[in-house]
Structure formats: structure tokens, C-alpha cells
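Reader: I am new to this structure and would like to look closely at a single part of it, beginning with one pair of strands and working outwards from there.

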Amino acid sequence: MGYTKPSDEGDQSMANFRLAFGRNLQTVDVGRGKGFSNFEFCARHFASSPVLRRILSLARKHQYTSLEMQEIGESDCALLVEENEALARRRRDFQRSEVRRLLFFKQSDLSQAKELLGYAITKRDFFASDPVSRLHIYEAVVRPPRDQHTNNFLHTARSYEIASIDGVDQVRGVLFAQQNGFTNSCAQVALRTAFACVLPEGDLSYSRINQLAGLELETLKPGERSRCGLDLVQIAKVISGCGYDFVKAVHEPLERNAEASPDAMAQAELNYQQELYGVIESGLPALLGFNTFNKDKKEDNHSKHIVPVFGHTFNEDTWVAPADHRYFGKGLGYYPSETWLSNYVVHDENFGPYYCIPRQHLHEAQSPSLLGLRPRHVKIDAFPIQAIALDFTRKLAGNIENGGLWLKLFAYFAKEGVLVLRTLLLKKEHYLDHLASGVSWLYQASNPKVSEILTKHLPCEFWMVEFSVPELFSSTRHKLGEVLLRCDIPLDTGAPKAHLLACRIPEYVIYYGEESEAIFPSGISSHVPLYHMDSLYIHPSPS
């Protein structure tokens, strides 16, 4: 017997699993010494799901001591009806689903306020022809296991509301999801996580993703293998349909580029790394695809995987940064800030949330490909903008002869090719806040005239390329200044200085107007803190 849509759907006003009414509430004391085991719990209730074990392990890392478990039925959640109808169209032998909502709390004493650490929603699907049900994590949000104080930077985390026994709680993190293999694959899951980071509504349904992709899923014949993945063209349609563009970078293997020199391939690797860093450091997510291998260790061109990237770790003592510049610098003439990056933070639906991929682990053999989200009005990417900024700082330094200690040091470091460059996309209000709060090493504040002029003349959004030196950048997270550049002008424009907006160096700010330049005192003669991303890049819904 197949799936039958409920005749009495009841109140389906709740369109997601987070806020839907839950039934059959169970509370469990999971504190240490209480006889509770994450492994036994997963084996008894959730088919020994290793992904759920990962989520529970993260909750344990946050010292969770109590757990709530509720069941959600179709009569209480319109999204569940939508998901089950899609499964029924795909497989005629689909029967039903069981959905459970798990909440993890730090405080088990009911006399004190409980602290929500995260949640997970499991969905178990039953099919007439399968003796074993299929369980996956429909979604989960858990607090990140590390933060900026431990050199982990996740600029895309946001707060989610979820119903609990006491009302509605909130938890901040990056949404994780796992495919069901019939109506969505790793591509849809990665897109969902990426757009949950930037869309005002904080989520994107699989039906909407497939609709934007133009994917029509036909009913599977008995024994037919399910294929529901998306190709690059379809992924691009989804990104465009959500109001975004993307930056693309592909690092192909050497054997596919026989005519390319080793230097050209090294530059391709550099471009790929810099574009990925430029996206995530701007508070935007990226999609990272790569080839996988079969059991015989032979490349399978039909076996590809994709994961969302939304953060990175920072190694202030890395040997790579000075060694790349001194021994393997390839003539760059500067330090790319991403050489201090040691790992990318990702979700992998096969393993769970918040895993770290070492920066250079995915090399040309896996053909890593990057699709980084980018607002439509941005017409030039991080790598060429950084090159423009580098050229500008060198020319500016060549004209500096007099000044204080840090102004002379800026000129010296720029001429010697030892500046550290960090590039990110920025909104005007965030930059002005940065100016207002950025007290220098000598406790100097920015000249109010700087904010006055830039408030009047800066566009709503632009690229900022910060310049520092290794010792300041890695230890105190400080910089000498920054260059602001337009993001809405393509690279191939012929106008001189077309991208330049303003530049701040020790002692001075230079503003580049359409017809003239102006230079005035900045009020700051030493180094200042790097820009700290403390707000999400939420892009308005497309009209």
C-alpha cells in the first residue's frame, strides 16, 4: 500500500519543522554519570546514524545535559506534506514518514533557565519494497564548536527559532542538511545551506531549488537507480533565481593542461585559493565541488561531490606564509592573507556539520571547482581587485618622502613587496562603523571629517583591500590602512583609476572623486585593528 495524503490536514500554518507543533514529548537527562550514551541512543532510535552521532558529539562538546524529543506529523506541518508528496510522486511504493525533533540543552535543572545548544530534525522514510527504512537528517543547527577566540571565523552563522517545551528558543549556527537521495542530492543540500546563510528568510525549500533548476523528477521504475543531482548549468540557474551571481574558479589537473607551464598551474592554484578566500571572508558562502574516487583508487568522472564552505581557521604561527614568500614566492611581491588560513570550514552531508578541510588538501588531482556567491551588482572579483590595490599602493609609496614612523614604514614595506593584502566585500555602513570604532595602537581616533566625507561620497557597497605586514597581521590583527575600490565596474574598463574610491594610510586619507582628488589628515598616525566581520551579508530578496 502506498502513501495516502491525509484527508484532514488540520492546521498547516507552520511551514517548517522548527516551529511546527510537536507531540509525544520525551525529556532525557543526558548528563555525565546518568547512564546515557549517544551511541546507544542513536542505535535504539535512529538506525545508528553516524551523522546524528556527530551532531550529538558536538552537543556533548558544548556540555549538553538534557535532551527533548518530539514527533511531528503531517497534520501539524505543511512542509512535511510537501516533502512526502514529492517522495510519493518519485516512488510509488512510498508509504509514510516519521519526523522527530531533538533539542539539546546545557541546563538540566528545571529550576534554572535552560540554554539551547542546538537542534536536529530527523526524517525516516518507509517504502513497501525496502525492508529497511531510510533515515536522514533533514536539518540541524548546532553552535559552532569553536569561535574567533580559538582562531575560527564563521561569518555566516545566524539565529534560528525553534519550538521547545517552554516556548520558542533560539540557537545560532549554520544550517546543516542531508540528502534523501530521491528528491534531492548533495547539490541541493549544499545550495540550501549556502542560501540559508544569506536569504532574509534563512532557508530555501528543496521544491523551490528543483523548480529554479528546471529539474523535473519522473517516477522511478522498479529497480531503477535514482538520479536527482544538479549539473553546473542547473546550479547556476538556482543561484540566479535567488538574486545572486557567482564567481567561478576551477583548478584543473596538469594532465588536462599539457600546454600550461608549471608557473601557470601554480597561478591557477593561487587564483582558486584567493577567490575562495575572498568570498568567505566577505561573509558570503561558496560551493566547493571535487572528484571522488572508487574503491580501486581509480578516478570516476561520474562520481563528484559538492560541499558548502562558510568559514575558515587562522594559524597565526604558520610557516607557510614566510616560506612561500621567501622560498616559493613565485614573484608575487606581497603576502596573500589567505596563506595564514589553515582550514576551510564546511558541512559535508555524508559526515556531519563543521568539518575542516586543510587549505591545500584539495589539489589539481581532484579538480576542485569553486562557485562563490556574489551579488549581481558586483562586476569584478577579489583576485583582480587585489592586483589593482597592490599596484596602487606601490605607486603611492613611491611618492612618500616625509612623515612619521608608520607612514615611512608603509612606504618601505610597499616598496620592498612585503605587505599583507586582505580583500573583502563591504557595505558602506559597516565600513563607517569600522572607522568609528577603530582606535589606533596609540589610542588615536579617526578624524570625524573622514566619516563625513566618505558618508557623502562612498557607494553602498565596495571592495576593501586591507594592507598590513606579517608581524601585525598575524599577532595583533592590525593593519596600516586600506584601499577602497568600486565593485560595480568590470575589469576591462579603460578609464584610469576607475576603481579607486579612497585610501587610508598612516596620517592621511585620500579621496578620489570623479573629477578631483582630496587628501586630508586621518587623525591616526599608527596601525589600527583589522576589520572584524560581526554581521551577516543579508541580501534583499530580488524584486
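In which sense do strand E21 and strand E22 pair, and over how many bridges?

Author: This is a predicted model, in which local features need pLDDT of at least 70 and side-chain atom pairs count only at pLDDT 80 or more, while totals for chains, interfaces and linings use all residues. Residues are numbered from 1 along each chain as its sequence is written, and side-chain values use heavy atoms, with hydrogens and water left out.

Strand E21, residues 508-512, and strand E22, residues 517-521, pair in the antiparallel sense over five bridges (strands pair if DSSP finds at least two bridges between them). The names come from DSSP runs numbered from the N terminus, with at least four residues for a helix and at least two for a strand. E21 and E22 form a hairpin, and four residues lie between the two strands. One position shows the pairing residue by residue: Tyr511 has Ala518 in E22 as its bridge partner.

The hairpin belongs to an open sheet of seven strands, whose order is E12-E16-E17-E19-E20-E21-E22 and whose pairing is mixed. E22 is one edge strand of this sheet and strand E12, residues 335-336, is the other, each of them pairing on one side only. At the E12 end, E12 pairs with strand E16, residues 420-427, in the parallel sense and over two bridges. There, Tyr335 has Val420 in E16 as its bridge partner. Helix H11 packs on the sheet, where H11 touches E16, E17, strand E19 (481-485) and strand E20 (500-505) (contact means heavy atoms within 4.5 Å). The direction of H11 makes about 125° with that of E16, on a scale from 0 to 180 degrees between N-to-C directions of axes fitted to C-alpha atoms.

A particular side-chain pair also joins H11 to the strands. The structure holds 21 aromatic pairs, counted when ring centres lie within 6.5 Å, with planes under 30 degrees apart called stacked, over 60 edge-to-face and the rest tilted. Among them, Tyr431 and Phe462 form an edge-to-face pair, at 5.9 Å centre to centre and with 85° between the planes. This pair links distant parts of the chain, since Tyr431 is in helix H11 (residues 428-437) and Phe462 is in strand E17 (residues 461-468), 31 residues apart.

Before E16 in the numbering, helix H9 (residues 382-398) and helix H10 (residues 405-416) have axes that come within 8 Å and cross at roughly 125°. On the H9 side of their contact are Thr393, Arg394, Leu396, Ala397 and Gly398, and these meet Phe410, Ala411, Ala414 and Lys415 in H10.

For comparison, another open sheet has five strands in the order E1-E2-E3-E4-E5, with antiparallel pairing. The edge strands of that sheet are strand E1 (23-29) and strand E5 (134-142), each pairing on one side only, and the twist averages 20° from one strand to the next. Within the five-stranded sheet, strand E3 (residues 94-105) and strand E4 (residues 116-127) pair in the antiparallel sense over 11 bridges, and Ser97 stands opposite Asp125 in E4. A helix accompanies this sheet as well: helix H3, residues 78-90, lies across strand E2 (66-72), E3, E4 and E5, and runs at about 35° to E4.

Conventions. Rings of Phe, Tyr and Trp (its six-membered ring) pair if their centres lie within 6.5 Å; planes under 30 degrees apart count as stacked, over 60 as edge-to-face and the rest as tilted.
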